[in-house]
Amino acid sequence: MECSEIRTILLQNAGDDLPPELRERVKNHLAVCSGCARQAEIIEAQAACLNSLPRMQAPAGFLEQVRERLYAPPLWRRILRSIRDLLKPRYALRFAGTATAAVVVLVTVRYGLDLGDVKKANLLPPSPAVEAPAPKSAPGPAQESTQEPARADAELPKPKEPPAAPDYPAEAMARRAEMPMGVAGGKAAPAGRPSIPPQSAATLTAREGAKSSAPIEITLRLFDRPPARGAGISPAPDAATSADFPGRHAEKRATKSAIAPREKFSAAPPAPPRDSASKLSDIESVIIRANGKILSPASPGADGDYRTILAEIPAESFAFVRRELSELGKLAPGTIEQIDSPPGTPIRLRLRLIPARPQNN
Amino acid sequence: MRDADRSDVEAYLSGERSALDRLVLRHRDRIYNLCFRLLGDPDDAQECAQETFVKVFRSLDGFRLQSSFSTWLHTIAVNTCRNRRNSAEFRFWKRVLRFGQARNEDDEPFEVEIPDSEPSVLTQLAEMEKTALVQSAMNALPYDYRTVLVLRHVQELSYEEICKITGYNPGTLKSKLARARVQLQKKIQACHGESRDGML
């Protein structure tokens, strides 16, 4: 036998009893081959070492832990039981109470955070009792209570006030605010209907309270036919000679506009419908002729059904613009009619243009 | 032992709870020792040994009494240790590095059971060092090689029982044993120095 065969036999049968004939042949080979004899010693020592490894004993309490694990309900059953317990009335009430408390805590924390943000933004005036320096002389209790806060206010820097709206007619807003709810544009709400304030009146009232510089909302439903000849094409008021603006022509146009344009030209063939670009051009020309300027061109609204134009005009041109717009379309009920701001005060308008209603025929 | 296992299994299946205690007490040390040698960590070994018994008793209804209860127990223990090792391999290897050291200063070391009845301190130290060296070398072996070595030399099971437990045929088992011994020899040489030639 060769050495490789002998070593394979030794490795595969370490410490085992070999068959008698095979054992004899291995023994004869090991007697003459020192390398294989050395390998046999190593394998025998290795096996003996493995056999002599200490036998570990299970720790104390092993049996009890096995019993505990064996008789414990499985995990899915424990989860199921927990869910069933949660659905019991008393646990459900507890759960609801806990959830309510959690919501209250969350809201409180959120409100506290918001309040902290407001204070950080210096929107709230600082407390004078904390930041005011103490007076040098000790006044009496009554005097201290009445004079110290005023002195503290005088010494403290005044908190920043929001900038006043330069282009918003405060007088008009005040007048608008005095208007009773349900009365828009001087018209009372029909009897028997709930008094719902129109959008523009409500918007103006809310805006006045906020003192913001938001523009005046004007909603205009455009006619689908071109305006009457001459209407909306009145000469532009000259800024230098506009003392009598809008003037005689405007009064004439106002008289004409009282008559329905389609009835007036009933003998003439009906004019073709105008496209939206020409309507926008008419409106922009009205703004330009009123010495105003277009702040933002027509842009589609949120619902895509109308367009919005932001413009700025002088206060004295408001009546002119309103009249011209009323000839191009139908103003929404409740649109502000007059502004009492001094001449030259810039007024911002947001024109919300609604396309004409589709005709059924 | 085989007859005792059979009667205890039948008693447990008939509802006698004390039969469970007898079966656990009879096999707990062997199963714990097997798990410890396969995993190298006492905590993992205890966990796996307990899980082995729980699995066995939960599926005892399907156990056919033709085969040995001990062999079945060893089979489940080997598979449980394999699953454990695969699921927590990183933790396992991390813990193996601590083998042979006391967990705390107050704890006794694990290697307290030395067969010599009156060994000297030096002998004890040498035995501990040898045991730790062999165990660390075995931990470095592949799981299959470690399993056949432990079953053959530590648990001292026969080839037939090992074949039943591992599912190998005798030729494959002998081949794996031979390769495991060669690899163990190399590991011991690497751990103990080339001059020792694999001898301890």
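Helix axes here are lines fitted to C-alpha atoms over the stretch in contact, and angles run from 0 to 180 degrees between N-to-C directions. Helices (H or I, at least four residues) and strands (E, at least two) are DSSP runs, numbered from the N terminus.

The model is predicted: local features need pLDDT of at least 70 and side-chain atom pairs count only at pLDDT 80 or more, while totals for chains, interfaces and linings use all residues. Residues are numbered from 1 along each chain as its sequence is written, and chains are lettered from A and ligands numbered from 1 in the order in which they are written.

**Exercise 1. Describe the make-up of chain B.**

Start with the elements: chain B has nine helices and zero strands. Along the sequence this reads α-α-α-α-α-α-α-α-α.

Next, take burial. A residue is buried if 20 or more other C-beta atoms lie within 10 Å of its own, exposed if 12 or fewer, and partly exposed in between, with C-beta atoms placed from the backbone. By that count, 36% of the 200 residues of chain B are buried.

Finally, look at contacts, meaning pairs whose C-beta atoms, placed from the backbone, lie within 7 Å. Among contacts in chain B between residues at least 6 apart in sequence, 63% join residues at least 24 apart.

**Exercise 2. Work out how α4(B) packs on α8(B), then treat α1(B) and α2(B) in the same manner.**

Begin with geometry. Helix α4 (residues 69–87) of chain B meets α8(B) at an angle of about 50°, and the axes are 8 Å apart. This makes α4(B) oblique to α8(B); angles under 35 degrees count as roughly parallel, over 145 as roughly antiparallel, 65 to 115 as roughly perpendicular and the rest as oblique.

Now the hand: the crossing of α4(B) and α8(B) is right-handed. A crossing is left-handed if the near helix is turned anticlockwise from the far one by less than a right angle, and right-handed if clockwise.

Then list the residues. From α4(B) come B:Thr71, B:His74, B:Thr75 and B:Val78, which meet B:Glu161, B:Lys164 and B:Ile165 in α8(B). By class, the contact of α4(B) with α8(B) has two nonpolar, three polar and two charged residues. Ala, Val, Leu, Ile, Met, Phe, Trp, Tyr, Cys and Pro count as nonpolar, Asp, Glu, Lys and Arg as charged, and the others, Gly among them, as polar.

For the second pair, helix α1 (residues 2–13) of chain B and α2(B) pack at about 145°, with axes 8 Å apart. The crossing of α1(B) and α2(B) is left-handed. B:Asp5, B:Asp8, B:Ala11 and B:Tyr12 of α1(B) make the contact with B:Ala19, B:Leu20, B:Arg22 and B:Leu23 of α2(B). That contact of α1(B) with α2(B) has five nonpolar, no polar and three charged residues.

**Exercise 3. Find the nonpolar cores and a residue at the heart of the task.**

A nonpolar core is a set of buried Ala, Val, Leu, Ile, Met, Phe, Trp, Tyr and Cys residues joined through C-beta atoms within 7 Å. The largest one has 57 residues, and B:Tyr32, B:Cys35, B:Ala49 and B:Ala77 have the most contacts inside it. Helix α2 (residues 18–39) of chain B gives the most to this core, with 11 residues.

Zoom in on B:Ala77: not counting residues up to four places away in sequence, B:Ala77 touches B:Ile31, B:Leu34, B:Cys35, B:Cys48, B:Ala49 and B:Thr52. Apart from this core lies another, of 23 residues, among them A:Ile218, A:Leu222, A:Ile313 and A:Leu325.

**Exercise 4. Dissect the contact between the chains.**

Count first: 35 residues come from chain B and 26 residues from chain A. On the chain B side, α2(B) gives the most, with eight residues. The residues of that side divide into 19 nonpolar, seven polar and nine charged.

**Exercise 5. Is B:Glu156 buried or exposed, and where is it found?**

Locate the residue: B:Glu156 is in the loop between α7 and α8 (159–166) of chain B. Then count neighbours: B:Glu156 is exposed because it has 11 C-beta neighbours inside 10 Å. As a last step, check the backbone: B:Glu156 has a positive phi of about 55° although it is not a glycine.

Conventions
Contact = placed C-beta atoms within 7 Å.
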